[in-house]
Structure formats: structure tokens, C-alpha cells
Amino acid sequence: MRTEICIIGAGPAGLMAAIFAAEAGARTMVIEANTSPGRKLLLTGAGRCNLTHQAAPRQLAREFGAKGRFLSYALYQFPPENVRNFFAGLGLQTRLEKACPERSRGDGCVFPATDRAGDVRDTLVNRARKLGVTFLYGKRVGGITKETNAFVVCAAEERIGAEKLVVATGGLSWPKTGCTGDGYMFARQLGHTIVEPRASLVPLVTRETWPGQLAGTAVGDVKISAHVNNKKLTADGSMIFTDDGIGGPAVLDMSWYLTDYLPSVGSPIVISLDLLPHIDQAA
């Protein structure tokens, strides 16, 4: 079996790659290990799919910190306005929501007007099919080899030869949805060096056990701070106590910073919680 472009992974990245490849006239095939596409996409935004954020590309890049420089070019080439126009052109309207359940600060979350993540997934799949993209479901890629003029992708009993290859398998964030880190293995097979992945946007486990006694209790506005390597880190927004620590949007934001330090510090990181950040001590 041969194709011009082979895409591994039928999540939103793989589906978008397939659509733009097919629109450019390339014969395109998508291989997906799951029996259906977009399994993780269906869980995003609590099942509603926060598909972009209404902000200037520069602002979006800034939110990613040091990683924003790498993402900057893509954000400028395909900013949030283009994302909304893209879906509108395919018949899926979006709406701007002021209060964003996935973020602890800032307005601008964009959801499908129907509030159904499945409609985002179906819009992408239907467009790809209309353009003639071929899908192979339930086919886990076991290995890739590079020959003189093609990549050879081995997926179950299938061998696919492709002029170009796109790896869109996701990371290690949600293994039950199919994100098992296969992309790292493929990259190594093709000679790339991999930066060791670290957890991010995750709840935090505390040494103390008392948060477990408050499990399920939410705090609407909290400021979280920590000092690591003489650097002060802060995050604010809502949080919730969990069975083994703390979670919620503000904690997820804080974890984005802390996971860079956890492997190297060697001891627990001290976190301070200000449960009344807008009230001074005297009041």
C-alpha cells in the first residue's frame, strides 16, 4: 500500500494535517491505533472542547513562557481568528465564553456553539473524508524504517510506503486515550534525540495528609506561591482539595512551573496558599 503522505494519529493535530495536505492535492492516509478518531479530543473542556483562545499571537506565546518562542511562528501563521474562521467555513459556529473552566485567569475561551466536543471531531473527520483522505483504524504502528525514497510504516499486518511522514501521536498525557508515547519511539528510530518528558498541568501531591480530610472542597479564589532556586513562582485562581493534595486550575498552572524543578530539587517543595488574596492582614 502506498500514499504520498502518511499521518500517524487521528487526533486534532493529525486530522488538521490530513485536511491541509489533501487540500494541497496530496494523496493522504491517516493511521489510528484506536478504533475511532479523536478520542482525547472528546474529553477536552469537560466534553465541550475549548478549541482555541481569543487573544493576540504574542499574548498566547507569552503564556507558554520559554516554550513560546518555538510556538510563535505557528501562532502567527494560524492565529485564533483563523481557527474560528476555519470551523465556520465548515459549518461549525463557535462562541466566546468569558468564564473559562480550564484556566485560572483571563477571558477568551472559545467553544463550539453546540457545547459538544463531538461536533468538533466530526467536522474535522467529515472534511477529511470529503477530500478523499484514507483512514485506517485499529492499526497500531509497530515501527518505521526510512528507505531511499520513502518511509515504510508497519501497522499490524499492513505495510505502507509513504513519500512524507507526519507523526501526530500525542505525548504521554493520557494513556487511556492512546497517548502512550509511541511518537518518542518513532523519533528515536529515525535518529532524533528526545528530551525526557515531564508531567505538566497536573494535581500536586502533598506530604501532609490533612488536605484529604477536605477532599472535594473548592476554593473560588486562591493565590499559590513557592520559592525554588531563589525564584518566586505564583499562580492564582480556583483550586480544590483532593484525596492526596490539591488540584484545580490554579494548581495546574503552578504545576506547569514546578515540574521543571521537582526532579532536580531532591526534596519536597514548600507551597504557600493564600485563601483570601484580596484581603489584607489588617482587614
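A contact, as the term is used here, means heavy atoms within 4.5 Å. This report describes a predicted model, in which local features need pLDDT of at least 70 and side-chain atom pairs count only at pLDDT 80 or more, while totals for chains, interfaces and linings use all residues. Residues are numbered from 1 along each chain as its sequence is written, and side-chain values use heavy atoms, with hydrogens and water left out.

## Confidence and overall form

The confidence of the predictor in each residue is given as pLDDT, from 0 to 100. The chain has a mean pLDDT of 91, and 96% of its residues reach 70 or more. Residues 102–106 have a pLDDT below 50; in the model this stretch has 17 contacts beyond near neighbours in sequence.

The C-alpha trace spans about 70 × 45 × 35 Å along its principal axes. Nine helices and 14 strands make up the secondary structure of the chain; helices (H or I, at least four residues) and strands (E, at least two) are DSSP runs, numbered from the N terminus. Among the contacts in the chain with a separation of 6 or more, 63% are between residues 24 or more positions apart.

The chain has 283 residues, and 40% of them count as buried. Buried means under 20% relative accessible area, exposed over 50%, and partly exposed in between (1.4 Å probe, protein chains only). The accessible surface comes to about 16100 Å², with 53% belonging to carbon and sulfur atoms; accessible areas come from the Shrake-Rupley method with a 1.4 Å probe, and for residues only the protein chains shown count as cover.

There are 31 positive and 26 negative side chains, and the centres of the two sets lie 5 Å apart. In this count Lys and Arg are positive and Asp and Glu negative, while His and the chain ends are not counted. The place of a charge is taken as NZ of Lys, CZ of Arg, CG of Asp or CD of Glu.

## Strand pairing

Two strands pair if DSSP finds at least two bridges between them. The following table lists four such pairs.

| Strands | Sense | Bridges | Example of opposite residues |
|---|---|---|---|
| Strand 1 (residues 2–8) and strand 9 (residues 158–167) | parallel | six bridges | I5 and K164 |
| Strand 8 (residues 151–155) and strand 9 | antiparallel | five bridges | F151 and A162 |
| Strand 11 (residues 218–228) and strand 12 (residues 231–242) | antiparallel | nine bridges | I224 and A235 |
| Strand 12 and strand 13 (residues 245–247) | antiparallel | three bridges | F241 and I246 |

Strand 9 thus appears in two pairings, with strand 1 in the parallel sense and with strand 8 in the antiparallel sense. Strand 12 is joined to strand 11 and also to strand 13.

Strand 8 and strand 9 form a hairpin with two residues between them. A156 lies in the loop between these strands and has a positive phi near 55 degrees, although A156 is a residue other than glycine. With a relative accessibility of 54%, A156 counts as exposed.

The hairpin of strand 11 and strand 12 likewise has two residues between the strands. N229 is placed in the loop of this hairpin, and its phi is near 50 degrees, again a positive value in a residue other than glycine. N229 counts as exposed, at 58% relative accessibility. Most residues other than glycine have a negative phi.

A further hairpin, also with two residues between its strands, is formed by strand 12 and strand 13.

## Helix 8 and S255

Helix 8 (residues 249–258) is mostly covered, with seven of its 10 residues buried. The buried residues are P249, A250, V251, D253, M254, S255 and L258.

S255 belongs to helix 8 and is buried at a relative accessible area of 0%. Apart from its neighbours within four places in sequence, S255 is in contact with S200, L201, V202 and L204.

## Q93 and its surroundings

Q93 is in the loop between helix 4 (80–89) and strand 4 (94–97). Its relative accessible area of 47% makes Q93 partly exposed. Not counting residues up to four places away in sequence, Q93 touches A88, P112 and A113. Q93 and A117 are 24 residues apart in sequence, and the C-alpha to C-alpha separation of these two residues in space is 12 Å.
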